[in-house]
Amino acid sequence: MAAHDPSAEGLLGGRSERDTYRRQQSSFEKNRDDDHDSESDLDATEFLTRRDPLTSTDNSRKPAFLPRRQGWSIRRPLVNRSRCCIAVLAFMLALWLLLGAGGAFVYKKFQEEPPYGLSPPWYPTPKGGIAATWADSYAKAAQMVSKMTLAEKVNVTTGTGWQMGLAVGTNGPAVHVGFPQLQLQDGPLGIRFADNITAFPAGITVGATWNRQLMYARGKAHGIEAREKGVNVLLGPCVGPLGRMPAGGRNWEGFGADPYLQGIAGAETTRGIQSEGVMATIKHFVANEQEHFRQPWEWGLPHAVSSNIDDRTLHELYAWPFADAVKAGVASVMCSYNMVNNSYSCGNSKLLNGILKDELGFQGFVMSDWLAQRGGVSTALAGLDMTMPGDGVRWADGRSLWGPELSKAVLNGSVPMERINDMATRIVAAWYQLGQDDETRFPRQPPNFSSWSTERMGVLSPGSPSEQETVEVNQFINVQANHSIIARQVAAEGTVLLKNENEVLPLNSQGYTDAKLKSRRDILARVTGKAHGTGKLKIGVFGEDAGPGNGPNFCKDRDCNQGTLGSGWGSGAVDFPYLVTPIEALRAGFDANKVELHEYLTNTPPLDQQSVLESLELCIVFANADSGEGFAKWADVKGDRPNLDLQKSGDDLISKVSAKCGGSDGGYGDVIVIIHSVGPVLMEKWIDLPNIKAVLLANLPGEESGHALADVLFGATNPSGHLPYTIGKSLDDYGPGAKVMYTPNGVIPQQDFTEGLYIDYRYFDKRDIAPRYEFGFGLSYTSFEYTNLTVIGLKKKSALPAPRPDPAAEPPKYGSGIPPGEEVLFPEGFRPLEKYIYPYLETTDEIVSEAYHYPDGYFTPQPPSGAGGAEGGNPDLWEVYVKVAVDVKNVGGVDGAVVPQLYLSYPSKKGVDFPVRVLRGFDKVFVRKGETTTVEFGLTRRDLSYWDVVQQNWVMVAEGEYGFFVGDSSRDEGGLSGKW
Ligand code: BGC
């Protein structure tokens, strides 16, 4: 399989590709077979029957490339040793060949294994059913699960295989007890692979709105569309990647490079989606910060990258937003492809059992990312509850690590009954919790669209070569309602005004107001010595990013950068139902009687046509930067961006237009720059050019792009977007940890997160580096003044939270006896579809019954975390301890929305290092001109605490004073400070 070949990867793309599914499928089959021959590390079937080495206690056979240093307080590697050993052999062979070919460089690289830490064991999996909020659902689930056969329990935990249903993921039903198949569909910005849906703005745009109500509203609209399309589980929102690396390929799916902002946005989106009864999936747990080497084989390596993180950083940054989602009641958590501290996230017991299920009290189910499961028994024991899409270690191989293997593993005692019961119960409880047992809202049928075809008729399991009945697979139901209004509002409010000299913006339908136009022309006449007429205002629009290109769905999964950029690419993208381009909106916005529009919708306009350019009085230049998921690449963007530059020579375009607009000898025309981007871009080459008067960062606006941009440009919406990340002056300014690892440093690439807490603005602040535009920055057409900051302590400071409460409810109890093997035999007369994953066995002879060697400490329950005790963790962590209030007055000339942001500084404490400031509150309020509003922030115990690695708990600094800063950005000079 070619390393980055998306068809081989099996993620088939946009509509046109799906139509040719069958053709692709046969080449895919071929790829898969070739692939299988070359794979030496794993055999899915052997994997379980031979016992899963991940759970072995034998530490004596450490692979040669295991670490020299420990990170977490770990003693035992959880990396699959047999796979490692085989991988080492394969690696040695490859090394031998490379050396033979003179590959001394590679040899040297692989000799220098960097030190890294290992993840500690945490067993057994805490059972779901301890939270008051889920008690009813667990009671109902217990009733249903107690009637299930083992085959049914296994079925609900295992996907039926890639393209075996109409959604991107489908598990098996428990028919006899009335539990349906669940339909799982991407993704974070709309319903992937579907018609007649809304292409909402991407997460990064939502983050830039800083508007909680809008976050919720977008989630709700997304939830409505999912339900009406027949989707049970939405694969979003995305809060990981967090944005450690500004060039990270999927940062745009999330909400910004700060855990607090991600947490609020993720939780509000979750609440919105779930308010419609659809299960949300918070993903990707955790530290999937770069696309390079995110999963085995995709990048030519047998293993994924390991994100090596210390305990405090994990808690305070990467796991933080997941905690918010759990507190919001999220139904599902998707574990990520990468390893964390050298244990695959989906088999990492410390992460899933320890942090997620014990400490955060997660009551729903953990599902794997697509093929992120890399072990069988081991992952079940580590806390995985559902495997997706069900296939084994290769796309669409139909050889699940669970399914029949899980049936065997339960029958031979490898996976305890209480674990399989808990797995099934968690899934069924989540279904009840969201009210999906109501058949009027969730008919027990496949979705009414097919991810794999645009035809009305087709088969239900196109991934199977077996002959099947043709049925209606696309009903073309329009679920858009009036969601374009929300999409437009998010896109407009998520547009950040970075520069606006001489108040060049807003424009109006005649370009400038009469007064502005007169003064502009007087100035131009003076400096150029030429009369600047009384005729129409001549405006030039430059850049491919202003226009339609070949249409928004030209590339599958949006995996190329052409035309105006509305979203990044990958599973987080959708088929655009339409895309309003900026040029359409500009044409409509300007009065043709007053404005002469000159369009150059290319990045290589004829800039030598002096006669035209010289006469331009205003130039609007568009440029962009794209990235996406690692299964596809475009130009030199292999998922992650190779740098932070504008793409397609955008910098050049801007500089040249600036030089030529309104006169070859100086560029006297005003220039407005519009940027669509997946994340921060460097602006140093042009930002200070004197005629660049305004810059708008429109992020990734979705289908309503042009309308939303026009709303801001023409002033119908007063800009209120703020940066959800820092725009630095160079990539180096973000620190060494901010660099994507493009070349592997070992057979398991080791990404040491040595910068700890210091990412994005925390790094700039610590090193006192001046950014170009700081985190939280954003201008308005009006201005605001802060006064009267007050701080009211509501509770006394104390170091530790109240003791962990007793569980509010009891997990269901089931008998622990292993059922008879007959429960998992193929039912008589059953005609299986080829490659479809069932829980069944042909014969009970397949069950091997040697004693299973459980991992060290498996039977010694871990002490429950003091930080846990309820859904979202210890309830005391969510208690408000201090209130900060501030008055904000609109002192400018127009009405507008303001985003007061609260940053906290910790009191100093010996031996503990704290960031200069951390975001701990924000709100968006609309204030009429001349009026004043009071904004209040409630800070919880968690907000005021740091994670103490020794006490293994959140600790408030009880001595000294906390500092609070409220302003328009993380460095707002007009901000106010207070203490507590
Ligand atoms: C992505 C997930 C997505 C899944 C299903 C994976 O490749 O990482 O985010 O939900 O595919 O499409």
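**Exercise 1. The ligand and its surroundings**

In this predicted model, a polar side-chain atom of K283 is found 2.9 Å from an oxygen atom of the ligand. Starting from this contact, work out which residues are closest to the ligand, which classes make up its shell, and how much of its area the protein buries.

*Solution.* Begin with the contact itself: the distance between the polar side-chain atom of K283 and the ligand oxygen is 2.9 Å, and a pair of N or O atoms counts as a polar contact because the cut-off is 3.5 Å.

Next, look for further contacts of this kind. The side chain of D186 has an N or O atom 2.4 Å from an oxygen atom of the ligand, and a polar side-chain atom of D369 is 2.6 Å from a ligand oxygen. The ligand on its own exposes 310 Å², of which the protein buries 100%.

Then widen the view to the whole shell, in which 13 residues surround the ligand, the closest being D186, R250, H284, D369 and E629. Sorted by class, this shell holds seven charged, four nonpolar and two polar residues.

**Exercise 2. Two cis peptide bonds**

Find where the cis peptide bond from F285 to V286 and the cis peptide bond from L505 to P506 are placed along the chain.

*Solution.* Take the bond from F285 to V286 to begin with: its omega is near 10°, and V286 belongs to the loop that runs between strand 4 (279–285) and strand 5 (306–308).

Turn now to the bond from L505 to P506, for which omega is near 0°. P506 is placed in the loop between strand 12 (496–500) and helix 19 (514–528).

**Exercise 3. Positive phi outside glycine**

N196 has a positive phi although it is a residue other than glycine, and S649 likewise has a positive phi without being glycine. For each residue, give the loop that holds it and decide whether it is buried, partly exposed or exposed.

*Solution.* For N196, phi is near 55°, and the residue sits in the loop between strand 2 (183–185) and helix 9 (203–209). Its relative accessible area is 27%, so N196 is partly exposed, since that class lies between the limits of 20% and 50%.

For S649, phi is near 55°, and the loop that holds S649 lies between strand 15 (618–625) and helix 22 (650–660). With a relative accessible area of 49%, S649 is therefore partly exposed, because exposed would require over 50%.

How values were computed:
Residues numbered from 1 in each chain as written. Predicted model: local features only at pLDDT ≥ 70, side-chain atom pairs only at ≥ 80, totals over all residues. Heavy atoms only, no water. Near = heavy atom within 4 Å. Polar contact = N/O pair within 3.5 Å; in protein donor to acceptor, adjacent residues only side chain to side chain. Areas by Shrake-Rupley, 256 points an atom, 1.4 Å probe, with all protein chains shown as cover. Nonpolar A, V, L, I, M, F, W, Y, C, P; charged D, E, K, R; others polar. Helix = DSSP H or I, 4+ residues; strand = E, 2+ residues; numbered from the N terminus. Buried < 20%, exposed > 50% of the residue type's maximum accessible area, 1.4 Å probe, protein only.
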